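The following exercises invite the reader to examine a structure step by step. Each task is followed by a worked solution.

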Amino acid sequence: MVRNLFKFMPSIALTTSLFILWEVLVRVLDVADWFLPPPSSIVRELFLSIDIISRHLLTTSIEVLLGLVLSVIVAINFSLIIFFFKSVEKSVYPLLIATQTIPVITISPLLLVWFGPNIFSKIIIVAIISFFPIIVNFLDGLKAADSEMIMMAKQFGASKIQIFYKIQLPYSFPYLISGLKIASVSSVIGAVVGEWVGASGGLGWLIKTSSPQFMTERVFASIFVLSLLAISLFSIFYLIERLVFKKYPIKGSG
Amino acid sequence: MPAKGIPLNTTLEISNISKSFSNRKVFKNISFNLKEKEIISILGPSGCGKTTLLNSISGIDDDFVGKIKTNTKSKRKIDNFSYSQQKDLLIPWRNVLDNAVFGLEITGINKDESYPKALSLMKKFKLSGIEKKFPHQLSGGMRQRVSLIRSFLLERPILLLDEPFGSLDSITREDLQDWLIDILKILKLSVIFVTHDINEAIKISDRIIILGANPGRIIKEIKVKANNDKEKLSLYKEIKNSLEVSGG
C-alpha cells in the first residue's frame with residue numbers, strides 16, 4: 001500500500017505544485033473570482049454547496065451507471081454475435097465503426113426529441129459513447145487467443161464451445177477490462193453531454209446554468225467532482241483487473 | 001477402430017502420404033509402420049516438413065494425400081493420439097493441477113475423478129509439490145514436464161512429440177530425456193518423436209527415420225542397436241553422413 005502511494009508521488013507532487021502556482025498567480029495578479037477563482041475558493045465553494053453538488057452528482061451517477069450497464073450488456077452480446085457469425089462481422093462491423101464518426105453531441109438533440117428531456121435520453125447517450133471501446137476491445141480479445149493453444153485444445157478433442165469457454169473467453173478478459181476502463185471515463189462525458197442538451201438536473205446541467213451567472217467557483221467545483229466520478233469508476237475496473245490478475249495471471253505463459 | 005490389413009503388433013500404418021501447400025510439396029511418399037510400444041524418431045533438418053507431418057498424422061490436419069490406418073479401439077482419429085509440442089502450451093491462468101487435467105476435463109471427466117488421477121501420476125513421475133503453482137512460476141523444463149503429464153493423462157495409445165525439448169538448455173534437456181525414457185518404460189506407449197538432434201534420437205528411440213528436405217521424404221531407416229559408446233559414435237556418424245548426403 002505504502003509502495004503504491006509512493007508510485008503516485010510524482011503525479012501528486014506535480015498536481016500540488018500546479019495548484020500552488022495557480023493560487024499564487026491568481027492572488028499576485030489580482031484576477032477576479034468570476035474570471036478565474038483560486039483553488040482555495042473552489043474548495044470553499046465545494047463545502048458551501050455540498051448539498052446542491054451532491055444532489056446533482058447523484059443524478060449524474062445514476063445516468064452513468066445505468067448507461068454503462070446497458071452498454072456492457074449490449075456490447076458483450078453484440079461482440080459474441082459478431083465473433084460467432086462471420087457474415088454479421090462483414091456486414092455490421094464496418095457500419096458500427098462508421099457510426100462512431102458521428103459526434104455524440106449532434107445526435108443528442110434527436111434523442112431528446114425521441115425520448116424526452118428525461119433520464120432515458122442520457123442513459124442512451126452514455127450507452128452509445130461507452131459502447132464502442134467495449135465492443136472493439138472485447139472482440140480483439142476474443143480473437144487474440146493463441147492459435148497453437150486452440151490447436152492443442154482441438155487435438156485434445158475440444159468442441160468449439162469448449163474452446164470458447166476454456167480458452168478464448170478467459171483470454172479476452174484483460175481486453176474486456178481495458179475496454180471497460182476507457183468506457184468508464186467516456187461514460188461521464190456522455191452523461192454531461194446529455195445534460196447539456198436538455199435536462200433539469202445533473203452536474204452538466206449545474207455547470208451550464210452556473211456559468212452565465214458568473215458562479216465560476218461552482219463551475220470549477222462541479223468539474224472537480226465530475227472528474228472524481230470518472231476516476232472512481234476507472235479505479236473500480238483497475239482494481240478488478242489487479243485482483244483477477246493476481247489470482248489468474250494471464251501473462252507469463254511459455 | 002481395428003483396421004483390416006494391418007499386422008497385429010502394428011499400431012499405426014502410414015502409407016504413401018504426401019502434402020502440398022500452395023503448389024509446393026511439403027513432404028511426399030512417406031510410408032512407415034509404428035509397432036506397439038515402439039519409439040520411432042523422425043530426424044531431419046529444419047524445413048523438411050516434420051511438424052506438418054505430425055499434424056497430418058495426429059488428425060488436426062486432414063488436407064493430405066495417402067492413407068493412415070490405426071489399430072486401436074478409438075472411434076475418432078484424434079482419440080488415438082496425444083500430441084506435445086516444443087511450446088508447452090500450458091494455460092497461464094490455470095495452476096499446474098488444473099493444467100494437467102485439462103485434457104480429461106475436455107472429455108467430460110469431473111474433478112473428483114481427474115484430480116486424484118493427475119496427482120498420483122505426478123507423484124509417480126516425481127512432480128509432487130507444484131500442483132498449486134502457476135506456469136509462469138515454473139522453469140521451462142518443469143513446464144514441459146507438466147505439459148507431457150497432461151498428454152499422458154489422456155491415456156491415448158500413440159504419443160506424438162514434436163521437439164518437446166527443443167527450447168531447453170542442454171542440461172535440462174538431458175534431464176528430461178532421462179525422465180521421458182523412464183516414463184515410457186512404465187507407460188508402454190507407441191511414440192513418434194520428432195527431433196533434429198541426432199544424439200537425442202539415438203538415446204530415446206528404437207528406430208530412426210531420416211528425412212531429407214525439399215520436399216520432405218524418407219532417406220533412410222536405421223534400427224538403433226548401440227550398446228556402448230563406440231557403437232553409438234559409429235551410429236552417429238552414419239546418421240550424420242546420410243543427412244549430409246541429402247543436403248540437410
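**Exercise 1.** Determine how many residues each chain gives to the contact between chain B and chain A, and describe the side of chain B.

*Solution.* In this predicted model, chain B contributes 21 residues to the contact and chain A contributes 19 residues. Next, consider which helices of chain B take part: helix H3 (102-106) and helix H5 (140-152) of chain B each provide at least two residues of the side that touches chain A. Of these, H3(B) gives the largest share, 3 residues. Finally, sort that side of chain B by class: 12 residues are nonpolar, 5 are polar and 4 are charged.

**Exercise 2.** Describe the make-up and overall dimensions of chain A.

*Solution.* Begin with the elements: chain A holds 11 helices and 0 strands. Read from the N terminus, the order is therefore α-α-α-α-α-α-α-α-α-α-α under the assignment of helices and strands by DSSP runs. Then turn to the dimensions: along the principal axes, the C-alpha atoms of chain A fill a box of roughly 75 × 50 × 30 Å. As to burial, 32% of the 254 residues of chain A count as buried. The last step concerns contacts in chain A between residues at least 6 apart in sequence; 76% of these join residues at least 24 apart.

**Exercise 3.** Classify the crossing of helix H4 (residues 50-84) of chain A with helix H10 (residues 203-210) of chain A, and name the residues in contact.

*Solution.* The two axes come within 7 Å and cross at roughly 130°. An angle over 145 degrees would count as roughly antiparallel, and 65 to 115 as roughly perpendicular. The crossing angle therefore makes H4(A) oblique to H10(A). On the side of H4(A), the contact is formed by His56(A), Leu57(A) and Thr60(A); on the side of H10(A), by Leu203(A), Gly204(A), Trp205(A) and Leu206(A). By class, this contact has 4 nonpolar residues, 3 polar residues and no charged residues.

**Exercise 4.** Examine helix H5 (residues 86-99) of chain A: what are its span, its bend and its burial?

*Solution.* First, the span: H5(A) has 14 residues and reaches 20 Å from its first C-alpha to its last, which is close to the 20 Å expected at 1.5 Å a residue. Second, the bend: H5(A) bends by about 35° at Val92(A), and the proline Pro94(A) follows within four residues. Third, the burial: H5(A) is hardly covered, as the count of buried residues among its 14 residues is 0.

Terms used. Residues numbered from 1 in each chain as written. Chains lettered and ligands numbered in written order. Predicted model: local features only at pLDDT ≥ 70, side-chain atom pairs only at ≥ 80, totals over all residues. Axes fitted to C-alpha atoms, helices over the stretch in contact; angles between N-to-C directions. Parallel < 35°, antiparallel > 145°, perpendicular 65-115°, else oblique. Contact = placed C-beta atoms within 7 Å. Nonpolar A, V, L, I, M, F, W, Y, C, P; charged D, E, K, R; others polar. Expected span 1.5 Å × (residues − 1). Bend = angle between axes of the 7 residues up to and from the residue. Buried ≥ 20, exposed ≤ 12 C-beta atoms within 10 Å, placed from the backbone.
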